[in-house]
Amino acid sequence: ALRWYRQIASYGCAEQGKFAVVGGKASASSGAAAAAASISSESEDEEDLFGSSSEDEEAKAKKDAVREERLAAYAAKKSVKPGPIAKSSIIFDVKPWADDTDMKEMERLVRTIEKDGLLWGACKLVEVAYGIKKLQIGCVVEDLKVGTDFLEEEILNFEDLVQSVDIAA
């Protein structure tokens with residue numbers, strides 16, 4: 001737009017009168033006056049093009065502050081996020097006192113042990129020797145919530161049926 005106004009201003013008054021039309025009537029003075037007024041108003045706006053950079057610096061400082069604030073919020077959110085939950089799969093060998101011990105009852109009692117982070121899995125009877133069988137039972141535990149020592153002590157509390165407990169895997 002500025003280029004157009006400069007082009008118009010470069011013409012003389014007689015030349016401007018030929019193409020200036022206001023309200024359907026040709027007026028040489030109004031076209032020239034409008035062009036001159038617009039040139040002077042735009043030149044006032046242009047005077048401080050490169051002189052004032054404080055506004056640019058303030059805008060940049062605001063953008064940097066907002067960016068730093070968002071980065072800090074993101075870092076705080078990222079640090080709160082919990083890591084993966086460590087789980088272990090454990091297989092216990094539960095040995096009875098004698099060959100006539102009720103193994104179904106032993107399994108039922110072992111499964112009665114409940115705690116947050118403990119999930120009992122499959123079990124099977126494994127022959128040891130001379131008709132004596134041991135109960136092999138698996139479980140999955142969350143390491144921070146349930147420990148193997150706790151489980152061994154709880155299984156050994158069934159003294160009437162359980163002789164010993166070992167960790168098979």
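**Briefing: E107, the cysteines and the overall fold**

Let's start with one residue: E107 sits in helix α5, which covers residues 103-111. Keep in mind that this is a predicted model. From E107 we'll move to the cysteines, then step back to the whole chain.

**E107 and its surroundings**
- Is E107 buried or exposed? E107 counts as buried, because its relative accessibility is 19% and the cut-off for buried is under 20%.
- Leaving aside residues up to four places away in sequence, E107 touches C123 and L135.

**Cysteines**
- C123, one of the residues E107 touches, has 26% relative accessibility and so counts as partly exposed.
- C139 comes out as buried, because its relative accessibility is just 2%.
- How many disulfides does the structure hold? The count is 0.

**Fold of the chain**
- The protein chain has 6 helices and 6 strands.
- Going along the sequence, you'd read those elements off as α-α-β-β-α-α-β-α-β-β-α-β.
- Take the contacts in the protein chain with a separation of 6 or more: 64% of them are between residues 24 or more positions apart.

**Burial and surface**
- The protein chain has 169 residues, and 22% of them are buried; E107 and C139 both count as buried.
- The accessible surface of the protein chain adds up to about 12,400 Å².
- Carbon and sulfur atoms account for 54% of that surface.

Key: Residues numbered from 1 in each chain as written. Predicted model: local features only at pLDDT ≥ 70, side-chain atom pairs only at ≥ 80, totals over all residues. Heavy atoms only, no water. Helix = DSSP H or I, 4+ residues; strand = E, 2+ residues; numbered from the N terminus. Buried < 20%, exposed > 50% of the residue type's maximum accessible area, 1.4 Å probe, protein only. Contact = heavy atoms within 4.5 Å. Areas by Shrake-Rupley, 256 points an atom, 1.4 Å probe, with all protein chains shown as cover. Disulfide = S-S within 2.5 Å.
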